[in-house]
Structure formats: structure tokens, C-alpha cells
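Please open the model in your viewer and keep the selection panel at hand. We will go from whole chains down to single residues, one stop at a time.

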There are 6 protein chains.
Amino acid sequence: MLLALSTWQEIEAYLERSTAIIIPIGSTEQHGPNGLIGTDSICPTHIAAGMAEKEDMLVAPTISYGMSQHHMAFAGSATLSPSTLMAVVIDIVGSFRQHGFTHFYFLNGHGGNIAPVTSAFSEIYAGHGNDKTSPRCRLANWWRDSAIAALAKELYGNAEGYHATVSEVALSYHAHPEAVKHAEMEPAVAPTDEFYDAADFRRKFPDGRIGSSPQLATVADGERFYQLAVETLTKDFHAFVANS
Amino acid sequence: MLLALSTWQEIEAYLERSTAIIIPIGSTEQHGPNGLIGTDSICPTHIAAGMAEKEDMLVAPTISYGMSQHHMAFAGSATLSPSTLMAVVIDIVGSFRQHGFTHFYFLNGHGGNIAPVTSAFSEIYAGHGNDKTSPRCRLANWWRDSAIAALAKELYGNAEGYHATVSEVALSYHAHPEAVKHAEMEPAVAPTDEFYDAADFRRKFPDGRIGSSPQLATVADGERFYQLAVETLTKDFHAFVANS
Amino acid sequence: MLLALSTWQEIEAYLERSTAIIIPIGSTEQHGPNGLIGTDSICPTHIAAGMAEKEDMLVAPTISYGMSQHHMAFAGSATLSPSTLMAVVIDIVGSFRQHGFTHFYFLNGHGGNIAPVTSAFSEIYAGHGNDKTSPRCRLANWWRDSAIAALAKELYGNAEGYHATVSEVALSYHAHPEAVKHAEMEPAVAPTDEFYDAADFRRKFPDGRIGSSPQLATVADGERFYQLAVETLTKDFHAFVANS
Amino acid sequence: MLLALSTWQEIEAYLERSTAIIIPIGSTEQHGPNGLIGTDSICPTHIAAGMAEKEDMLVAPTISYGMSQHHMAFAGSATLSPSTLMAVVIDIVGSFRQHGFTHFYFLNGHGGNIAPVTSAFSEIYAGHGNDKTSPRCRLANWWRDSAIAALAKELYGNAEGYHATVSEVALSYHAHPEAVKHAEMEPAVAPTDEFYDAADFRRKFPDGRIGSSPQLATVADGERFYQLAVETLTKDFHAFVANS
Amino acid sequence: MLLALSTWQEIEAYLERSTAIIIPIGSTEQHGPNGLIGTDSICPTHIAAGMAEKEDMLVAPTISYGMSQHHMAFAGSATLSPSTLMAVVIDIVGSFRQHGFTHFYFLNGHGGNIAPVTSAFSEIYAGHGNDKTSPRCRLANWWRDSAIAALAKELYGNAEGYHATVSEVALSYHAHPEAVKHAEMEPAVAPTDEFYDAADFRRKFPDGRIGSSPQLATVADGERFYQLAVETLTKDFHAFVANS
Amino acid sequence: MLLALSTWQEIEAYLERSTAIIIPIGSTEQHGPNGLIGTDSICPTHIAAGMAEKEDMLVAPTISYGMSQHHMAFAGSATLSPSTLMAVVIDIVGSFRQHGFTHFYFLNGHGGNIAPVTSAFSEIYAGHGNDKTSPRCRLANWWRDSAIAALAKELYGNAEGYHATVSEVALSYHAHPEAVKHAEMEPAVAPTDEFYDAADFRRKFPDGRIGSSPQLATVADGERFYQLAVETLTKDFHAFVANS
């Protein structure tokens with residue numbers, strides 16, 4: 001059930017059945033020579049839609065802009081400052097709480113969001129520490145799920161990488177097969193390193209990839225990640241709602 | 001050309017041809033008994049995609065959460081505070097400016113966004129008042145276009161209304177025919193009035209509509225609005241880029 | 001009754017009779033070659049004083065600095081950022097609410113204040129949506145009143161203009177006849193156009209006027225606007241208090 | 001020369017002669033049984049006008065709302081939070097600096113403004129520490145001037161007090177003789193004490209006065225304070241401009 | 001009793017005996033040629049430890065960074081902006097209030113903290129004006145205590161000075177005899193003057209001292225200040241707790 | 001070399017040799033029945049002092065308050081909001097940068113600081129992305145160092161735990177042997193679980209420990225952690241300075 005395609009009366013009815021909501025969150029940032037700038041938003045949006053197709057779960061509109069400061073030396077990347085992203089998360093959770101939602105499952109596609117979103121959760125909890133109906137927030141990073149990570153390891157070994165990974169590019173291609181791209185990349189597996197600011201990132205990773213070979217990504221692989229992610233994150237969602 | 005489905009190299013190439021970008025902005029809020037909660041985001045996203053299909057224009061991901069404080073008494077509505085929405089707009093414009101974009105065409109689907117987005121533009125200009133390459137921002141409210149308003153008047157007369165209007169519901173149905181809803185509404189044309197806070201809004205407009213009869217909305221009408229909006233806003237976009 | 005010239009015991013007594021307050025709000029910005037920099041503050045201050053002379057209404061001190069970013073290329077103009085102006089409005093409403101005031105009638109003299117003050121109202125309502133005693137805020141733009149606009153049209157036709165209008169300059173002269181100025185202006189009626197930032201404003205409107213001929217302004221006309229504004233805004237104030 | 005009653009061309013001309021500006025700042029807060037709520041704004045406005053009458057000095061519109069948190073238990077008092085007042089001061093100084101002003105003489109009527117305005121000055125200086133043309137800000141508290149304090153001592157001894165002082169009430173009466181009030185007060189000289197929050201203030205000073213006998217205030221005394229303040233603060237202003 | 005060296009159960013027990021806490025606050029800024037950069041933090045930390053040794057008082061960790069904007073032209077100085085320092089104070093008071101603390105005794109070592117900390121107190125009180133258990137905050141500036149000032153006057157006369165004073169350097173030496181420094185200074189007594197920004201400070205006080213001769217500081221004198229400060233501030237603390 | 005015990009001239013001289021600085025950062029929060037509330041500040045302060053004793057490194061004063069929202073249900077814990085902590089870090093880095101420091105090595109004792117401090121780094125980098133001399137910030141979490149973790153594993157196996165760990169309590173005891181505490185704990189090894197807000201934390205971990213047996217902590221073990229941490233973090237510091 002997609003919030004954007006529902007009426008308010010349908011949401012009122014949903015709240016009788018559940019007070020949990022899935023909020024996909026991603027970013028708008030470069031993903032190497034053949035990866036889509038929307039990759040990090042497309043992946044959780046795609047998984048969440050799959051979850052909602054199979055079970056009675058409500059999915060909110062995707063937060064499409066995230067914290068991507070370190071990608072800003074590549075054209076087309078956009079970033080919210082950490083403070084702005086925190087405010088967005090706090091406002092959205094606060095809004096849905098007014099209607100009776102209690103469980104906020106942020107389905108995340110971007111590592112750079114982890115620090116600010118986690119910080120936002122702390123600010124949200126600050127006002128509710130002694131309240132039995134205080135909100136419960138979870139940041140579920142789909143690519144860190146152990147089953148997903150195992151599949152990526154099995155398929156690509158070390159070429160999976162850390163940014164513009166094969167798995168995320170494949171999953172985005174499954175969501176948007178019309179946007180599959182082909183590009184030459186040298187070296188085949190991108191370098192890895194620590195990095196500091198955006199200029200440093202670009203110096204060390206001149207085509208935007210970190211440690212990955214996204215030229216290996218296929219729609220067929222993307223479908224495997226999609227099926228697995230829908231299954232495994234559905235379980236994670238249920239565990240979150242049941243145990244918190 | 002959709003930013004989300006492009007690579008950074010493709011954006012680098014686009015910037016050789018144009019430094020203008022379309023940023024759809026909407027909201028997540030109730031739209032009456034048969035209108036979609038995502039209506040205000042769906043409409044500008046749909047129009048922008050149509051514009052980008054016909055001409056070489058770049059469309060950024062939609063800002064799907066807007067300033068909807070006055071709708072908060074209806075389940076499923078979410079709002080950013082005006083300050084948060086301002087920060088989002090400032091950060092996104094600031095990001096794209098780093099890559100050389102100069103013209104920011106916010107294609108807006110929601111009246112409640114006008115005050116904070118206009119305020120954000122003032123904060124953006126504050127730092128660039130004496131700079132020849134200072135940014136140019138335009139908030140284009142698609143439903144206020146004179147041709148669009150004339151068509152709505154012709155088709156529905158006063159039943160077009162002010163919130164959950166027939167035209168926006170029709171346009172959203174054209175974008176998502178799978179989500180067309182049917183609902184009884186009493187009275188046929190909703191009341192109109194001034195309103196203050198969210199509770200006052202709900203008291204005066206108990207089913208969420210203001211002055212409208214969205215039960216008249218059809219996919220076919222939606223297509224007419226779509227075609228007209230693509231045409232008329234494309235002209236508006238060109239005029240903005242040429243004259244500012 | 002002017003708050004600034006009252007004692008706290010007098011306000012305590014007033015609150016027994018009414019919980020409504022008028023708060024004039026203006027700006028400090030250029031108003032063309034013969035218009036006063038204080039025009040936008042002088043006008044609502046003057047009207048409000050007139051209202052309070054005739055009826056038992058309380059008038060707060062004027063907020064003399066507004067959002068004037070677009071006038072910053074002209075000497076003497078000052079601006080609060082939109083965020084700062086929002087904070088000022090929020091703090092003042094919050095203060096008076098502590099004493100039991102419920103109705104806040106902002107008598108506004110400046111178009112640039114509309115977006116931030118409207119945004120501030122949304123932030124104020126956010127905390128009070130389900131509260132029967134929630135505040136009621138109204139932004140009354142004196143020059144947009146239909147009777148005022150009709151008089152300006154009758155007297156000056158299109159030469160009334162959009163900034164440094166004849167009517168506002170005339171009204172400010174009625175308030176401060178000692179400050180009437182004379183200046184040559186070319187062309188007689190200033191140009192009109194869309195504008196972006198402060199530098200753009202100055203390029204397009206080199207003497208600060210938009211579409212107006214303020215050289216037509218006289219104290220005598222100012223008196224007509226004054227009398228009419230006091231009468232029509234008094235009605236508007238009563239309607240606001242009675243119906244919200 | 002009053003900024004509010006000048007045109008932008010007149011300010012442009014003034015800037016050829018001087019880059020200093022006087023900005024009166026006060027508050028809107030209770031001043032005991034016979035003191036005006038506007039006392040703290042009226043006094044510096046009055047003195048500044050006197051200074052500008054005698055010499056070629058430019059006076060900006062008064063900042064009429066200050067930091068009055070501790071007076072909030074008395075009807076009619078309004079307060080900006082310290083943060084808001086800081087933002088107001090920062091924005092106004094920043095605005096005038098854009099036109100070439102360098103010396104900002106805040107003529108202050110209210111002790112509660114000292115901490116936030118001083119804090120604002122530090123934030124203003126932060127961006128200009130190594131800049132030869134960095135701004136110079138002075139907070140001149142008229143009642144702390146040694147000549148003024150000596151006159152108050154001479155006239156009233158200890159009955160001058162600390163809030164709703166005889167001198168400030170007298171000076172406000174000189175500015176607004178139409179608003180002179182009479183009230184019984186018990187005890188004749190109000191108590192003094194340390195205080196914490198607004199409720200504590202009211203408990204300790206039930207009629208709003210601290211240590212004062214404002215029933216002694218007369219228009220005639222007010223004129224003496226006025227003449228002396230205009231003279232002594234004019235000197236202070238010149239010293240500030242010459243030595244910083 | 002030092003909070004940092006206690007367990008939470010020990011604090012729970014302390015709260016049965018007292019709800020007052022001492023919070024030392026200082027700065028990290030230059031203190032002339034032989035003064036320590038940590039002087040302003042070391043002094044209140046040292047005094048507070050002495051107080052806690054002799055009586056059952058709880059001392060929180062020192063806030064070691066303060067508002068030192070005006071010292072920023074000297075290497076090693078660090079400053080929080082006034083806004084940041086206010087946020088720190090507000091958060092710390094708010095935290096301890098959650099556990100039941102009611103009296104917050106800020107033992108201050110730095111004049112530059114006075115404006116922002118006082119401003120923070122106003123923001124803290126804003127939310128508690130009508131609450132019988134509202135917090136009580138005191139900013140105790142150890143060097144302004146009349147007994148301390150008298151001792152400094154007796155020992156050094158005018159050479160005590162205003163920054164990098166003999167008394168504070170002596171007290172810091174008593175706390176850290178291993179860090180006693182010797183340096184030539186010209187002139188023997190530093191100049192005094194008003195100052196504006198950091199560059200202005202350095203121009204007027206090239207070695208960092210204002211009006212002082214810290215070369216007179218000795219550990220033995222430091223002990224005298226220490227003993228006296230512990231005694232006199234202990235009394236001040238008790239008076240604060242008893243009377244507010 | 002401790003900044004707090006240095007003069008500004010000594011820092012000026014240090015900057016000729018190095019532009020790197022160590023900034024210990026911790027928290028003020030419960031650490032179980034026998035752990036010190038200052039544990040997370042004591043540990044990095046202690047290690048940093050050890051590093052500075054052996055080599056020519058500069059150590060700034062410790063940031064003693066961190067982000068401890070989840071510990072707020074235990075007496076004596078204090079927290080900065082994530083936003084406040086971010087501001088503190090941004091201001092301190094900005095301050096030292098003014099003197100020429102380029103490398104900021106935050107030696108961290110508290111997991112809860114990771115999200116806000118990482119967020120602060122992104123805000124710091126935002127202004128410096130294309131600047132060759134942009135700052136380099138590193139958050140070194142001493143307990144996550146692989147050698148340290150291996151030693152803890154070897155000594156305590158799973159009883160090391162996740163909060164109030166044996167290693168950190170031991171290290172704090174080595175720094176403050178006068179504060180060693182003894183307490184009965186049931187069960188011997190505390191439970192582990194996911195947690196949400198502060199109330200949830202207390203419900204799940206009633207004595208404050210997560211998964212640990214801090215009753216095993218000894219001064220002797222603390223010395224081993226100390227020696228190892230000084231050695232291994234010194235290497236990490238050199239690698240940071242050399243490679244970034």
C-alpha cells in the first residue's frame with residue numbers, strides 16, 4: 001500500500017490494522033560511469049514497493065535527497081547538510097506520530113545518511129524518554145543485510161566494492177531496465193582508500209567508484225537481489241514491529 | 001532527461017548544453033475522499049517528465065514532502081515545518097550551483113509551499129546580490145497558469161474549487177490510472193471559507209475538500225490537463241531561461 | 001489604545017474587554033526618489049493609530065524592520081532574513097499569548113513580508129492544531145483591501161504602480177507632512193518587470209520605483225487613503241475577531 | 001536625520017559625510033504602576049531624535065522589542081528570545097554594512113538587552129577579525145552614563161531604583177506628556193532583591209518596580225534628563241567614531 | 001564529590017541530600033606571555049574541587065571551551081560562538097533537571113562567557129516561568145567576589161589588571177605548579193583600552209595582557225587566592241541554595 | 001604538550017613543527033554499578049596525555065560532554081543534543097584552523113558521539129571541498145582499535161561487553177586509582193539487546209551495563225590497555241597526518 005496513492009480515509013483504516021510505516025530514504029549522487037544518480041533512492045523504493053505488494057504494509061514517499069557531501073565533486077550530485085536531513089527526518093516522524101503511527105522503518109539506500117539519520121533519532125527520542133508510547137525508529141540499510149551481503153560476495157567476491165557496488169547498480173537496473181548503461185572502466189576493479197572531503201574523494205576515485213566493478217551488473221542479478229531483499233527485509237520489518 | 005536515471009558524465013555533458021534544471025516539488029497530504037495523498041507531488045512530476053520527453057530538459061528528483069501544516073488533522077498527511085522546507089530548497093539549489101547550474105525552475109504542485117519556498121529564494125539571493133552569475137529561481141505553480149485555469153473553468157466552472165480540485169485529481173489519475181478512486185461526497189460541491197489551523201480546517205472542511213467536486217475527475221480530462229500543462233509550462237520554462 | 005503608552009494594569013483591564021491585538025508590521029527600505037525609507041512602517045502605524053483613536057482597540061509597537069532583501073542595492077535599506085522575521089513574529093505572538101491574547105491582527109505595509117509572516121503563522125499553528133484556544137493570526141495587507149485599491153485606481157489609474165506606489169507615498173505624507181519630498185523622475189511612470197535578486201532589481205528599476213508615479217502623491221490624497229483605510233480595516237478587524 | 005523619513009538618495013549623500021549610524025533599541029515591558037510599557041524604547045528614541053536635531057547624525061528606526069523574559073508575568077510585556085534578538089541585531093548590522101556603514105551605535109534603553117546584544121556583537125566580529133574595515137559596534141546604555149547617573153542620584157537618591165526608575169519614567173513623560181499617569185504605590189520605595197525567572201520576579205516585585213519610586217517622575221525632570229542625555233551621548237558617539 | 005568520578009547510584013543517593021550542582025565553566029584562550037591557555041578553566045575547576053573536598057557538594061565536569069572570540073588573533077585560542085555556548089548550557093541544565101537537580105551554580109572563570117551564559121539562562125527560564133519547581137541558575141564569577149578583588153588589590157594594586165590578571169595566573173599556578181612559566185614583558189604593566197574585534201585586541205594588546213603584570217604571579221599567592229575563593233564561594237553557594 | 005598548560009607563544013612555536021592537534025572527546029554518562037560517569041572522557045584524556053608525554057604532540061582540552069541521550073534514565077548522565085555537539089565540533093575545528101592547524105585528530109571515548117561528530121565533519125568539509133588546504137578530520141575510537149579489541153577479547157572473552165565494558169572501566173581505574181569502586185552485579189554478565197530510547201535502555205539494562213562484567217576491571221589491566229593504546233594510537237595518529 002503506497003501512501004502517495006491512498007486517500008486519507010484508507011490511511012485511517014490502515015491505522016486500525018497497523019501503526020507501522022516504511023519510509024524509503026536515499027540520495028541523489030553519482031554512482032560511477034554506469035550507475036544511476038538515483039541509485040540510492042531507487043533501490044529502497046523498489047524493495048519497499050515489493051514488500052507492500054506482498055503484504056499489508058504502508059510505504060511513504062521516498063526521501064530522495066540525502067547527505068552526499070563527499071560526492072559533490074561529481075556533476076549532478078546534490079546534498080542536504082546533515083542538519084537539514086535531520087530536520088527532515090524529525091518533521092516526518094513527528095507528522096506521522098500525530099496520526100497514531102508508532103513504528104518508523106526507514107529503509108535506507110545510502111551509507112552517508114547513517115550518521116545524520118541516527119542523530120535525528122536521538123533528537124526524536126529526547127522528547128519521549130519516559131513515555132510508554134514513545135516512537136520506535138529503525139534505520140534498515142538494505143545492503144548490509146547479511147543475506148544480501150552473502151549473495152553479493154558469492155556473485156562478485158571483492159569486486160562488489162563499497163560505492164557504486166555491483167549489487168546496487170544491478171538492483172537499480174531491475175527497477176529501471178530502460179536505464180541500463182554501458183561504460184568502459186579502468187581499472188576493472190576500482191581502488192579503495194580512506195577519504196576526507198569531496199575533492200579528496202575525486203582525486204582518489206576519479207570515476208566515482210570505490211572498490212567495485214559495476215560493469216558486472218545485470219538486470220537478472222538485480223532480480224535476485226530484489227527477491228532476496230523483499231524477503232529478508234520483510235522479516236526484519238516484522239521483527240522490528242514485534243520486538244520493540 | 002531524468003537526473004535520477006542519468007550518470008554523472010551525462011550531466012557533465014548536459015551542462016555544456018544548458019545550465020537550467022527543473023525541480024518538481026509537491027506535498028504529502030490529504031486530497032479529499034477520492035484524491036490521492038501524493039497528488040501534489042504526482043502532478044508536477046508527471047508534467048516535468050512530459051516536458052523532458054519532448055525536449056532536452058533535465059528534471060531533478062521530486063521534493064515529495066512540503067509544507068502541509070493545515071492538513072495535519074487528516075490521517076496520512078505529513079508536513080515539513082516552513083524552516084525545514086526552506087533549508088531543503090536552499091541546500092538543493094546550493095548543491096546544483098556547485099556544478100554550474102544557474103537556473104532553478106521549481107515546478108510546484110502545492111499552494112502551501114509558496115510562502116516557504118519564496119522565503120528560501122530570498123535567503124538564496126541574499127548571498128548573491130552583486131554577483132553577475134547569481135542564481136535565478138522561479139516557482140512555477142502549474143495550476144495557476146492562465147491556460148490551465150481557463151480549461152478548468154471551462155470544464156467544471158466553480159466546482160473546480162480550491163483544494164482537492166477537479167483538475168489536480170484528474171491529472172493525478174492520468175499519471176496513475178491504477179489508483180482511480182470512487183467515493184460519495186456530500187455536498188456535491190464542498191464549502192469554501194477562510195481557515196486558520198489544522199483543527200479549524202477539519203471543522204470547516206470535514207472531508208478535506210475546499211469548494212471542489214473531485215468526483216468529476218476522469219483520466220480523460222487528466223490527459224487534457226497533462227497535454228496543456230506540458231505545452232504551456234515548456235513555454236514558461238523557456239521564457240524564464242531566456243529572460244533572466 | 002497604544003500598548004507602548006499604557007501600563008500593565010491598563011492592559012490587564014483591556015484583556016477583560018478583548019483578547020485581540022493589532023500589530024503593525026512594515027519595513028525599512030527605499031521607496032523611490034521621493035518616497036520615505038520608512039513608508040511601509042509609517043502607513044500601518046498611522047492606520048492603526050487611527051483605528052485605536054476611534055474604537056477600543058489595542059495597538060502594539062510596530063515591527064519596523066521587515067524582509068527587504070530585494071531592495072538591498074539601494075542605500076539605507078535594511079532587511080531581516082526570512083528566518084529572523086519568522087522568529088520575531090513567533091516570539092511576539094507567543095509572548096502576548098501568555099497574557100491571554102487570542103487574536104493577532106498583523107497590519108502589514110510591505111509585500112515582501114507576506115511569505116515569511118505566512119510561514120511564521122504555520123509554525124505557530126503547528127503547536128496548537130487540536131487546541132480550542134489556539135491562536136488566530138491574520139495578515140491584513142492594507143493596500144490590497146478592495147476599497148483602497150479601487151480608490152487608487154480611480155485617482156491614478158495605472159500610475160499607482162507596484163512599489164513606491166502613489167497611494168503609500170501619499171499616506172506616508174499624511175502621517176508626516178514635514179517630510180514631503182519633491183524629485184524629478186524619468187520616465188514619469190516607472191517600468192514594470194519580473195525581478196530576481198537585489199542587483200537585478202536595481203538594473204531594472206534604477207530609481208527604485210516599479211510601475212508608479214509617486215510624484216503625484218499629496219497630503220490631501222493621503223488623507224483620503226487614511227480615512228478610508230481606518231474605516232475599512234476596522235471592519236476587517238471586527239470580522240476577523242467575530243468569525244475566527 | 002531620521003532614516004525612516006529620508007530617501008535612499010539622501011542616505012547615499014549622507015554616506016559621503018559619515019559612515020556611522022545610531023540604532024535605538026528598547027523593549028516592550030511593564031514599568032510599574034505609572035510607567036509606560038514602551039518606556040525602554042521611548043527613551044533612546046527620544047534621545048536619538050534630539051541628537052539628530054542638533055547635529056548631522058543618522059538615526060535608524062527603533063528596535064522596539066527586546067529581551068524581556070523576566071517581565072513576562074505582567075500583562076502586555078513581550079519578549080524576543082535572546083537568540084531572536086541576536087539575529088535581529090546581526091541582520092541589521094549586516095544590512096547597513098552593505099551600504100558602507102562602519103560604525104553602529106546602539107543606543108539602548110533596556111538592561112535585559114545587554115547580554116544578547118553583546119553576544120550578537122561577538123558573532124558579528126567573528127567574520128571580520130582580520131579585516132581592516134571590520135565593523136565597530138557599541139552598546140551605549142544611556143542610563144549608565146556617569147553624568148546621567150549622577151543627576152538621578154542628586155534628584156532621587158536611592159529612590160531612583162533599578163527598574164521602572166524615576167529617571168526613565170520622567171524621560172518617557174517628557175517624550176509623551178500626553179501619557180503621564182498617576183498611581184498609588186506601596187511601599188513608596190519598592191524592594192530590591194536578586195531574581196530568577198518571571199514568576200520569581202513577580203513574587204518579589206508585585207507591582208513591577210525594583211527599588212524605585214517612579215511616582216516622583218515629572219515632565220520637568222524628564223526634560224533635564226533629556227537635555228543632559230543628548231549632550232553627553234553626543235560626546236560619547238563622537239568619541240566612539242573618532243577612536244575606533 | 002566529583003560527578004566524573006562517581007557512579008550513577010552515588011548520584012542517585014546524593015540527590016536525596018541535595019539537588020544543587022556546581023558546574024565549572026572556563027575557556028581556552030591566550031593569557032599573555034606567562035599565563036596558561038587553560039587558565040580560565042583551571043581556576044574554577046580548582047576552586048570547585050576545593051569546595052567539594054571540604055563539604056558535600058557535587059561538581060560536574062568543566063565546560064572547557066567558552067566564548068573567546070576577541071582572543072582569536074593569538075595562537076591556540078579557541079572559541080565557541082555565543083549561540084553554541086548557549087546551546088551547551090541549555091542542554092546541560094536540561095539534562096541534570098531530568099534527574100531532579102534544581103540549582104545550577106556555574107562557577108565561571110571567564111568574562112567573555114557572561115553575556116552568552118546569561119542569555120542562556122533567559123532561554124532556560126522562558127519555559128518555566130510559572131512553575132514552582134523551575135530551575136535556579138547562578139553565574140558566579142570567582143574573580144569578581146569582593147573578598148577576592150580586595151586581596152588582589154592589596155597584593156598588586158593596579159597591576160592586577162583585566163586580562164591575564166596576576167590573581168588568575170597565580171591561582172592557575174597553584175593548581176599546576178609544574179606549569180609555572182617565566183617571560184619578559186614590556187611594559188611591566190600592560191596598557192588598558194576599549195577594544196572591538198580580535199584584530200583590534202591584538203593591535204592594542206600585542207602580548208595578550210590587558211592592564212596586568214602577571215610576572216608577579218607566584219604559587220604562594222595562588223594558594224592564598226585558592227583558600228579564600230574556596231571559603232567565600234562556598235558561602236555564596238549556600239546563600240544561593242538557601243535563598244532561591 | 002597540553003594546550004591548556006601552554007602559552008600562546010609556545011603554540012606559535014609548535015605550529016612551526018606541526019599543524020596537527022589531538023582533541024579528546026568523551027561523555028558524562030552512567031557506566032554501570034562500578035564504572036565512573038566520566039569514563040568516556042577519562043579514557044581518551046588519559047591516552048592522549050600518554051601520547052603527548054612520549055612524543056611532540058599537542059593535546060587540546062577534552063570535550064567532556066557528548067551525545068548520551070540513551071543514558072538519560074540514569075542519574076548523573078548529561079547529554080548534548082546531536083545538533084549542539086555538532087556545533088561544538090564545528091566551532092572548535094574552525095577556531096584552530098584560524099591559527100593554521102590542518103589535522104584534527106578527535107580521540108573519542110564514546111560510541112554515541114560517532115553519528116553527530118561524523119555529521120559535523122561533513123558540515124566542515126562542505127565549505128572546503130575544492131580547497132587544497134582543507135581540513136582533515138579523523139574520529140579515532142580507541143576501543144575499536146584492533147589491537148585493543150584483541151587484548152580485551154583475550155582477557156575477558158564475551159564478558160568485555162558493549163557498554164561499561166571491562167576494558168574502559170579498567171583504563172579509567174588506571175587513570176584514577178583513587179576512584180576504584182566495588183559493586184555486586186547480577187547477572188555476572190549483563191544482557192545484550194537492541195534498544196531505542198532512554199526508558200527502553202533502562203528497562204533492558206537495569207543497572208546500566210550492556211553485555212559486560214566490569215567487576216573484572218583492575219588497575220593492572222588498565223595499565224595494559226593504557227600502554228597498548230598509547231602505542232597503537234600514536235601510530236594511527238602518525239598515519240593520519242602522513243597520509244591525508
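**Stop 1: chains A and B**

Start by showing chain A and chain B: a rotation of 180° with 0.0 Å of shift along its axis lays chain A on chain B, with an RMSD of 0.0 Å. Keep in mind as you look around that this is a predicted model.

To find where the axis passes, select A:T84. Of the residues of chain A, A:T84 comes closest to the rotation axis, its C-alpha lying 3.3 Å away. Both copies use the same surface here, for 100% of the contact residues of chain A recur in chain B.

**Stop 2: the contact between A and B**

Now colour the residues that meet across this pair. Chain A brings 53 residues to the contact, and chain B brings 53 residues as well. Between them the two chains bury about 3,900 Å², with 62% of it on carbon and sulfur atoms. Which residues of chain A lose the most area to chain B? Select A:L5, A:W8 and A:Y65: these are the ones, and together they account for 19% of what that side buries.

Next, look for charged pairs. The rule finds two salt bridges across the interface of chain A and chain B. One of them is easy to display: select B:K181 and A:E10, which form a salt bridge whose closest N and O atoms are 2.8 Å apart.

**Stop 3: chains B and C**

Hide chain A for a moment and bring up chain C. Chain C can be laid on chain B by a turn of 180° and a shift of 0.0 Å along the axis, with an RMSD of 0.0 Å. The two copies are therefore related as by a two-fold rotation axis. Select C:A115 to locate this axis: in chain C, the C-alpha of C:A115 is the nearest to it, at 2.1 Å. Again the same surface serves both copies, as 100% of the contact residues of chain C recur in chain B.

**Stop 4: inside chain A**

Bring chain A back and select A:I21, which lies in strand β1 (residues 20-25) of chain A. Is A:I21 buried or exposed? At 0% relative accessibility, A:I21 counts as buried.

Show what surrounds this side chain. Leaving out residues up to four places away in sequence, A:I21 touches A:L58, A:A60, A:F96, A:F101, A:H103, A:F104 and A:Y105. Then add A:F106: although A:I21 and A:F106 are 85 residues apart along the chain, their C-alpha atoms are separated by 8.4 Å.

**Stop 5: a helix in chain D**

Move to chain D and select helix α2 (residues 39-54). At 1.5 Å a residue, its 16 residues should span 22 Å, and the end C-alpha atoms are 23 Å apart, which agrees. The helix α2(D) is mostly covered, with 12 of its 16 residues buried. Among the buried ones are D:I42, D:C43, D:I47 and D:M51. To see what covers them, show β1 (20-25), β2 (103-108), α6 (166-175) and α8 (219-243) of chain D, against which the buried residues of α2(D) pack.

**Stop 6: the cysteines**

Finish with C43 in two other chains. A:C43 is buried, with a relative accessible area of 0%, and B:C43 counts as buried at 1% relative accessibility. How many disulfides does a search of the whole structure find? Over all chains, the search finds zero.

Notes: Residues numbered from 1 in each chain as written. Chains lettered and ligands numbered in written order. Predicted model: local features only at pLDDT ≥ 70, side-chain atom pairs only at ≥ 80, totals over all residues. Heavy atoms only, no water. Least-squares fit on C-alpha atoms with pLDDT ≥ 70 in both. Contact = heavy atoms within 4.5 Å. Disulfide = S-S within 2.5 Å. Buried < 20%, exposed > 50% of the residue type's maximum accessible area, 1.4 Å probe, protein only. Helix = DSSP H or I, 4+ residues; strand = E, 2+ residues; numbered from the N terminus. Expected span 1.5 Å × (residues − 1). Buried area = accessible area lost by both parts, 1.4 Å probe. Salt bridge = Lys/Arg side-chain N within 4 Å of Asp/Glu carboxyl O.
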